[in-house]
Amino acid sequence: MQRSSLLLLSFVLPSVCFPQNNALRLVNPFVGTDAHGHTFPGATMPFGMVQLSPDTRVEGWDACAGYHYSDSTLLGFSHTHLSGTGIPDYGDILFLPATGTPQGRTSSRFSHEKESASPGYYKVELQEDHITAELTATRRVGVHRYTFPKTDQATVIIDLKHGLGPDVVLDSWLEFVRDSEIRGFRRSTGWAKDQRVYFVAQFSKPFHSFGNMEAGKARKSRRISGKDVRGFVQFGTAESEKIMIK
């Protein structure tokens with residue numbers, strides 16, 4: 001009984017000293033994202049399976065968490081990240097929203113003036129395409145919300161080759177299951193040896209077209225596999241239309 005009482009007090013006292021709403025306002029997810037801090041600003045939960053966050057670089061010691069505050073180019077949003085480590089790894093399953101044809105698209109410029117983050121939430125504007133991206137997460141699911149301009153080529157690129165640091169793809173595949181769902185697999189080795197990630201992504205709106213790009217070549221098959229797998233889906237959107245992905 002004595003041990004239980006001590007544990008109860010340890011949880012109650014912080015809530016008395018720092019009301020939840022006030023405490024959340026004190027949190028700055030960008031702390032540690034500059035210099036050699038090796039932290040990421042994206043959305044996650046304590047002990048969550050996914051850490052949904054922007055990636056701005058993949059190589060070098062300061063790419064340990066995928067994001068560095070000194071950068072002005074964003075590669076996309078991947079679903080696994082390490083925070084505060086001295087070795088880069090993860091960066092699995094990268095999504096990048098864009099407009100126009102997907103071939104050759106690998107990044108977008110952004111500004112910290114149109115970027116914000118709070119516990120469990122991240123937001124940024126992609127400058128070239130005038131797309132606002134918002135991220136949040138549950139214990140097991142990453143949730144994206146993209147606000148597109150009016151276009152018949154609202155594009156989401158899915159990159160399975162992307163990884164941080166020494167991460168190397170051993171095998172991967174991507175399948176377009178139906179017009180609002182995809183699934184895939186990525187097996188890699190790096191700091192984490194023989195890492196295997198399966199995923200399913202569901203879209204709030206059916207896509208009107210899709211494609212696969214392996215080694216830079218456009219394809220139309222429903223499923224593709226290999227070590228250099230990148231796919232895309234496309235929608236028609238009205239001005240400021242929002243598309244969600246989970």
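How much space lies in the largest pocket? About 360 Å³. The exercises below return to this pocket after the basic terms are in place.

The structure is a predicted model, in which local features need pLDDT of at least 70 and side-chain atom pairs count only at pLDDT 80 or more, while totals for chains, interfaces and linings use all residues. Residues are numbered from 1 along each chain as its sequence is written, and side-chain values use heavy atoms, with hydrogens and water left out.

**Exercise 1. State how many helices and strands the protein chain has, and what share of its residues is buried.**

Solution. Step 1: helices (H or I, at least four residues) and strands (E, at least two) are DSSP runs, numbered from the N terminus. The protein chain has two helices and 18 strands.

Step 2: a residue is buried under 20% relative accessible area, exposed over 50%, and partly exposed in between (1.4 Å probe, protein chains only). Of the 246 residues of the protein chain, 48% are buried.

Step 3: a contact means heavy atoms within 4.5 Å. Among contacts in the protein chain with a separation of 6 or more, 60% come from residues 24 or more positions apart.

**Exercise 2. Describe the sheet that contains β9, and then the surroundings of β9.**

Solution. Step 1: strands of a sheet pair through backbone hydrogen bonds, either parallel or antiparallel. Two strands are taken to pair if DSSP finds at least two bridges between them.

Step 2: five strands form an open, antiparallel sheet in the order β6-β7-β8-β9-β18. Its edge strands, β6 (115-118) and β18 (241-245), each pair on one side only. Neighbouring strands of this sheet are turned by 15° against each other on average, direction ignored; the axes are lines fitted to C-alpha atoms, for helices over the stretch in contact, and angles run from 0 to 180 degrees between N-to-C directions.

Step 3: on one side, six bridges join β8 (residues 131-137) to β9 in antiparallel fashion. The two strands form a hairpin with four residues between them, and Thr136 has Val143 in β9 as its bridge partner.

Step 4: β9 (residues 142-148) also pairs with β18, antiparallel, over five bridges. Here Phe148 stands opposite Glu241, and Thr147 stands opposite Lys242.

Step 5: six of the seven residues of β9 are buried, so this strand is largely enclosed by the rest of the structure.

**Exercise 3. Give the strand order of the sheet that contains β12, and one bridge pair between β11 and β16.**

Solution. Step 1: four strands form an open, antiparallel sheet in the order β13-β12-β11-β16. The edge strands are β13 and β16 (223-226), each pairing on one side only. On average, neighbouring strands of this sheet are turned by 10° against each other, direction ignored.

Step 2: β11 (residues 168-178) and β16 run antiparallel and are joined by four bridges. Ser172 has Gly226 in β16 as its bridge partner.

**Exercise 4. Locate Asp89 and Arg186, and list polar contacts of their side chains.**

Solution. Step 1: Asp89 is in the loop between β3 (76-78) and β4 (94-99). Asp89 counts as buried because its relative accessibility is 0%.

Step 2: apart from neighbours within four places in sequence, Asp89 is in contact with Cys64, Leu82, Leu164, Asp167, Gly190, Trp191 and Ala192.

Step 3: a polar contact is a pair of N or O atoms within 3.5 Å; within protein, one must be able to donate a hydrogen and the other to accept it, and residues adjacent in sequence count only if both atoms are side-chain atoms. The Asp89 side chain reaches the backbone nitrogen of Trp191 at 3.0 Å and that of Ala192 at 2.7 Å.

Step 4: Arg186 is in strand β12 (residues 181-189) and is buried, with a relative accessible area of 0%. Its side chain has a polar contact of 2.7 Å with the side chain of Asp92, and reaches the backbone oxygen of His162 at 2.9 Å.

**Exercise 5. Identify which strand gives the most to the lining of the largest pocket.**

Solution. Step 1: on a 1 Å grid over the protein atoms alone, a pocket is an open set of points where a 1.4 Å probe fits, with protein on both sides within 12 Å along at least five of seven lines; lining residues have an atom within 4 Å of a point. Grid points are joined across faces, edges and corners, and the volume is the space filled by probe spheres set on the points.

Step 2: the largest pocket holds about 360 Å³ of space. Of its 18 lining residues, the closest to the centre are Val50, His79, Arg140, Phe199 and Val200.

Step 3: β9 and β13 (195-202) each supply at least two lining residues. The strand that gives the most is β13, with six residues.
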